[in-house]
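Visitor: Please take me through a single part of this model at close range. I would like to start from one side chain and its surroundings, and then move outward.

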Amino acid sequence: MPTREPMPRHVVRTGSATLSVTLVALVATLAVALVTVLGGWAPATPAGPTTRSAGTEIEAAPFRVRLDRAEAAYRVGDRDADEGRAFLVVDARVEVAHDETATSTTLSRLVTADLDHAYDVYGGETADPAPEVRVAADDTSLLGIGPGLAYDVRLVFVVDETDVPSRLALVVSEHARRRSAIDRTPGWFDPAPVARVVLDVAPLPATRPEPEGL
């Protein structure tokens with residue numbers, strides 16, 4: 001009975017090598033496709049805002065902002081703090097470094113304070129305090145700011161007078177320009193922290209001043 005000749009070993013080895021190379025190429029192609037879908041080979045996003053010093057300019061679209069100093073006060077302009085409360089006032093300079101106007105809403109979200117609790121402009125307690133933005137020259141509310149304009153401003157927070165900190169941590173956020181998901185109106189949305197500034201707070205005066213006009 002004739003015997004069957006075994007398949008040459010080199011043929012088997014060649015077939016295995018070809019299959020291995022094909023599998024490696026397929027896996028590599030899938031890996032490249034997956035990385036591309038997930039965002040490419042770009043470096044990872046930095047973890048959190050960078051720490052900046054007082055008096056340095058910070059780019060935070062659409063603004064360029066500088067936070068200079070902070071103080072506690074019982075009176076700002078012609079306004080007195082309610083009994084038991086005080087103002088935390090941050091002297092700053094704000095400029096629109098973009099060709100689109102920024103509203104008071106965007107301004108109020110530019111800088112937030114790390115406070116255990118504070119009060120909003122209506123007197124209600126809030127864990128996410130946003131400042132009232134006042135023009136330093138005349139203590140009027142800054143309701144908006146156009147392209148290329150810059151103002152010296154006072155960012156005013158309201159706290160209990162017993163909770164005035166000796167140091168105030170502030171977070172500066174940038175915004176993205178897009179259309180509103182509600183009415184498709186273009187605007188500045190999605191605040192994202194880009195910088196953190198810690199300021200020493202000048203303490204309250206020794207005594208509360210008498211309300212003016214009495």
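Guide: Leaving aside neighbours within four places in sequence, Arg134 is in contact with Arg79, Asp139, Thr140, Ser141, Asp152, Val153, Arg154 and Val156. The model is a predicted one, and its average pLDDT is 83, with 77% of the residues scoring at least 70. Over residues 7–45 the pLDDT falls below 50, and beyond near neighbours in sequence that stretch has three contacts in the model.

Arg134 belongs to strand β11, residues 132–135. Arg134 counts as buried because its relative accessibility is 10%, below the 20% cut-off. Its side chain makes a polar contact of 2.5 Å with the side chain of Glu132. A polar atom of the Arg134 side chain also lies 2.3 Å from the backbone oxygen of Asp139, a residue that appears in the contact list above.

Two other names in that list lead outward. One is Arg79, whose charged end sits over the ring of Phe87, 5.6 Å from the ring centre. A second arginine is placed over a ring as well: the charged end of Arg85 sits over Tyr119, 3.6 Å from the centre of its ring. Between aromatic rings themselves, the count of pairs is zero.

The nonpolar residues come next. The largest nonpolar core has 38 residues, and Leu67, Val90, Leu155, Leu170 and Val172 touch the most other members. Strand β11 is among the strands that each supply at least two residues of this core, as are β2 (57–60), β3 (63–73), β6 (85–96), β8 (111–113), β13 (150–160), β14 and β15. The largest share, six residues, comes from β6. The other name to follow from the Arg134 list is Val156: a second, separate core of five residues includes Val156 along with Val76, Ala81 and Val89. Leu155 is in contact with Val89, and also with Leu67, Leu88, Val90, Ala92, Val111, Pro131, Glu132 and Val133, leaving aside neighbours within four places in sequence. Glu132 is thus in contact with Leu155 and in polar contact with Arg134.

Another buried polar residue is found in the loop between β14 (167–179) and β15 (186–202), namely Ser180. Ser180 is buried, with a relative accessible area of 10%. The Ser180 side chain reaches the backbone nitrogen of Ile182 at 3.0 Å, and a polar contact of 3.3 Å joins it to the side chain of Asp183. Leaving aside neighbours within four places in sequence, Ser180 is in contact with Thr185 and Phe189.

How values were computed. Residues numbered from 1 in each chain as written. Predicted model: local features only at pLDDT ≥ 70, side-chain atom pairs only at ≥ 80, totals over all residues. Heavy atoms only, no water. pLDDT = per-residue confidence, 0-100. Contact = heavy atoms within 4.5 Å. Phe/Tyr/Trp six-rings, centres within 6.5 Å; stacked < 30°, edge-to-face > 60°. Lys NZ or Arg CZ within 6 Å of the ring centre and 35° of its normal. Helix = DSSP H or I, 4+ residues; strand = E, 2+ residues; numbered from the N terminus. Buried < 20%, exposed > 50% of the residue type's maximum accessible area, 1.4 Å probe, protein only. Polar contact = N/O pair within 3.5 Å; in protein donor to acceptor, adjacent residues only side chain to side chain. Core = buried A, V, L, I, M, F, W, Y, C linked by side-chain atoms within 4.5 Å.
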